[in-house]
Amino acid sequence: MKVILIKNYEKHKANEIIEVNDGFGKNFLIKKGIAQPVNEKTLANLQRVKNNIAENLAREIADANLIKEEIEKLNLYFSLKSNKNIVHGNITHKAIEKELNKHNIKIGPHALKGESYNTFGLHVIKVKLHDQVVANLKITIVEEK
């Protein structure tokens, strides 16, 4: 018996067609709402769902590319106090995120990864906007006078 998975099940993903034993398909997968039997109606529904997923993915990537262009135009400036080349403090991801918000750029909470920055000069930070889109953000840290 072939079934279309509605939800992820073990090693199989949702919207996947799998072959299972009749009893397991009818008595467990379909009964629990994990799968649907394969027929013309469910196959048409599956195709529509896959098309919607592809359209949403394309839209997300296009939106992420627009944000990427805005981010790569920016050069954010931060200042830190120092005492004879000993830096006091550091620039955290929260501070970078707040500065991006001032420029009307919203990023996800896990877009910035890595350590905080506590050396003077130019730093290039990778900002993960989507699984397939990564932007390079430039920040410059100068000495506060």
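**View 1. Glutamate 99 in helix α3 of the predicted model.** Let's start with one side chain: glutamate 99 belongs to helix α3, which covers residues 93-102. Is this glutamate buried or exposed? Glutamate 99 counts as buried because its relative accessibility is 19%, and the cut-off for buried is under 20%. Leaving aside residues up to four places away in sequence, glutamate 99 is in touch with Leu76 and Phe78.

**View 2. The open sheet and its edges.** Step back and you will find 4 strands in an open sheet, ordered β5-β4-β7-β6, with mixed pairing. β5 (86-88) and β6 each have a single partner strand, so these edge strands are left with one side that has no neighbour in the sheet. From one strand to the next, the twist averages 45 degrees.

**View 3. Helices against the sheet.** Helix α2 (residues 40-73) packs on the sheet and touches β4, β6 and β7. The direction of α2 makes about 20 degrees with that of β7. Helix α3 lies across β4, β6 and β7 as well, and runs at about 140 degrees to β4.

**View 4. The β6-β7 hairpin.** Here β6 (residues 121-130) pairs with β7 (residues 133-143) in the antiparallel sense, over 9 bridges. How many residues sit between the two strands of this hairpin? There are 2 between β6 and β7. To find your place along the pair, look for histidine 123, whose bridge partner in β7 is isoleucine 139.

**View 5. Strands β4 and β5.** β4 (residues 75-83) and β5 are also antiparallel, pairing over 3 bridges. A handy landmark is asparagine 83, which stands opposite isoleucine 86 in β5.

Conventions
Residues are numbered from 1 along each chain as its sequence is written. This is a predicted model: local features need pLDDT of at least 70, side-chain atom pairs count only at pLDDT 80 or more; totals for chains, interfaces and linings use all residues. Side-chain values use heavy atoms; hydrogens and water are left out. Two strands pair if DSSP finds at least two bridges between them. Buried means under 20% relative accessible area, exposed over 50%, partly exposed in between (1.4 Å probe, protein chains only). Contact means heavy atoms within 4.5 Å. Axes are lines fitted to C-alpha atoms, for helices over the stretch in contact, and angles run from 0 to 180 degrees between N-to-C directions.
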